[in-house]
Amino acid sequence: MDKVQVVSLVVSFCILIGVIDLVRRGKLKENYSVLWICTSLIIMFFAIFRHLIDWLGRLVGIYYSPSAFFLMAFIFIMLITLQFSVVISKLSERNKVLAQEIALLRLKVEELERMSAS
Amino acid sequence: MISDTLIIIPAYNEGGGIGRLIKDIRLKVPGVDIVVVDDGSSDDTALQASSAGAKVIRLPVNLGYGGALQTGFKYVLANGYRYAVQIDADGQHEPSSIPALLEPVKKGEADVAMGSRFMGEGSYKASFARGIGMWLFGGIASALIGRKVTDATTGFQALGPNVIRFYASENYPVDFPDADVLIMLHRAGLKSIEVPVVMYPRTDGRSMHSGLKPLYYVFKMFLSIFVTLLRKTLS
């Protein structure tokens, strides 16, 4: 095993432990950790069996193995950010509903206060 | 609550003119309730509005035109009003046109009456870019819903109970409610008609449509219309 494999293995293992710890401490929700855990496991796998990156690359027509690696990393980033966009959309919608409820309740409270004061 | 109709005025920093508008509405359209939805204004819009005799719903954060308007619809449903009229806070919409909008809806001729500034009354002239947009999406809307649409982006509308329920629901697009709403209404089986109204051009230079916004608007409209057509019929 050469240096780059050892480094990749150690780094991806640290990410794996870090992510699991964040979930354990409640700072990262389980469903957002799925992609991170899968990806770090995949990197660890390819760190050990590096010839498989070449094989995978050749499968899609890439002959320079760092490119195959970067492609995988890029796809991962895209998936994570897509997940974020979906989550943000949901949060925006919920946020809007909350703001509207608060506004309507505020008016009700003001009216009730006025009624009980008179 | 003595009336069956609520006028909804979404407002953001319109403290200068909102009082005048409310008094104008009360003069020209007696027998309706008025609510101003203050969309997180930093000025005294809420104070001016309540001094002039309107109810005020104050949003804790700015949601934008569609979000503020929708709050008004939720208020309608919570308080048992049957009809609603949406009108802009900046004085572009002439309150005396309100009865003309309400009439076909109250008579049951349509589920929603949309005020068109291009149907003959008044002398409204749009800017070039806006004109192109209106023509394009008006044309698309006309073709898709089977009736002539002269003014797709109007915020001056009278709504019956079915449309109010629809606008208060999750299906309502909150960015720019216009041409895609017409198509959604059509898909949902709700009848919309146009009624000529009087509108005035903006008195100040501040435009909602500056910089990259027109580009986003065009993109968003195409996407929204496309997605609406793809969806199964809305209940």
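Here are some notes on this two-chain model, which is predicted.

1. Start with helix α1 of chain A, residues 3-24. With 22 residues at 1.5 Å each, α1(A) should span 32 Å, and its end C-alpha atoms sit 31 Å apart, which agrees. Just past α1(A) comes Gly26(A), with a positive phi of about 80 degrees.

2. Next, look at how α1(A) packs on helix α2 of chain A, residues 30-48. Their axes are 8 Å apart, at an angle of about 160 degrees. Anything over 145 degrees counts as roughly antiparallel, so that is the label for α1(A) and α2(A). The crossing of the two is left-handed. From α1(A) the contact uses Gln5(A), Ser8(A), Leu9(A), Ser12(A), Phe13(A), Ile15(A), Leu16(A), Val19(A) and Val23(A). From α2(A) it uses Glu30(A), Ser33(A), Trp36(A), Ile37(A), Ser40(A), Leu41(A), Ile43(A), Met44(A), Ala47(A) and Ile48(A). Sorted by class, the residues of this contact are 13 nonpolar, five polar and one charged.

3. Helix α3 of chain A (residues 51-59) meets α4(A) at another angle: the axes cross at roughly 80 degrees and come within 8 Å. That makes α3(A) roughly perpendicular to α4(A). On the α3(A) side you will find Ile53(A), Asp54(A), Leu56(A) and Gly57(A), and they meet Ser65(A), Ser67(A), Ala68(A) and Phe69(A) of α4(A). The class count here is four nonpolar, three polar and one charged.

4. Now the contact between the chains. Chain A puts in eight residues and chain B 14 residues. On the chain A side, five are nonpolar, one is polar and two are charged.

5. Which helices come within 10 Å of each other across the two chains? Helix α4 of chain A (residues 65-117) and helix α3 of chain B (residues 65-79) do, with axes crossing at roughly 55 degrees. That makes the pair oblique, and the crossing is right-handed. Lys96(A), Gln100(A), Ala103(A) and Leu104(A) come from α4(A), while α3(B) supplies Gly67(B), Gln70(B), Thr71(B), Lys74(B), Tyr75(B) and Ala78(B). By class, this contact has four nonpolar, four polar and two charged residues.

6. Chain B on its own has eight helices and seven strands. Of its 235 residues, 44% count as buried. Take the contacts in chain B between residues at least 6 apart in sequence: 78% of them join residues at least 24 apart.

7. Val112(B) is a good residue to click on in chain B. It lies in strand β5, residues 112-116. Is Val112(B) buried or exposed? It counts as buried, because 25 C-beta neighbours fall inside 10 Å and the cut-off is 20 or more. Setting aside neighbours within four places in sequence, Val112(B) contacts Val105(B), Gln157(B), Ala158(B), Leu159(B), Gly160(B), Val163(B), Leu185(B), Leu190(B) and Ser192(B). The C-alpha atoms of Val112(B) and Ile193(B) are separated by 6.5 Å, with their positions 81 residues apart along the chain.

8. Asp24(B) is worth a look too. This residue belongs to helix α1 of chain B, residues 18-28. With 16 other C-beta atoms within 10 Å, Asp24(B) is partly exposed. Its C-alpha atom is separated by 40 Å from that of Val227(B), which is 203 residues away along the chain.

Definitions and conventions: Residues numbered from 1 in each chain as written. Chains lettered and ligands numbered in written order. Predicted model: local features only at pLDDT ≥ 70, side-chain atom pairs only at ≥ 80, totals over all residues. Contact = placed C-beta atoms within 7 Å. Nonpolar A, V, L, I, M, F, W, Y, C, P; charged D, E, K, R; others polar. Helix = DSSP H or I, 4+ residues; strand = E, 2+ residues; numbered from the N terminus. Expected span 1.5 Å × (residues − 1). Buried ≥ 20, exposed ≤ 12 C-beta atoms within 10 Å, placed from the backbone. Axes fitted to C-alpha atoms, helices over the stretch in contact; angles between N-to-C directions. Parallel < 35°, antiparallel > 145°, perpendicular 65-115°, else oblique. Left-handed = near helix turned anticlockwise from the far one by under 90°.
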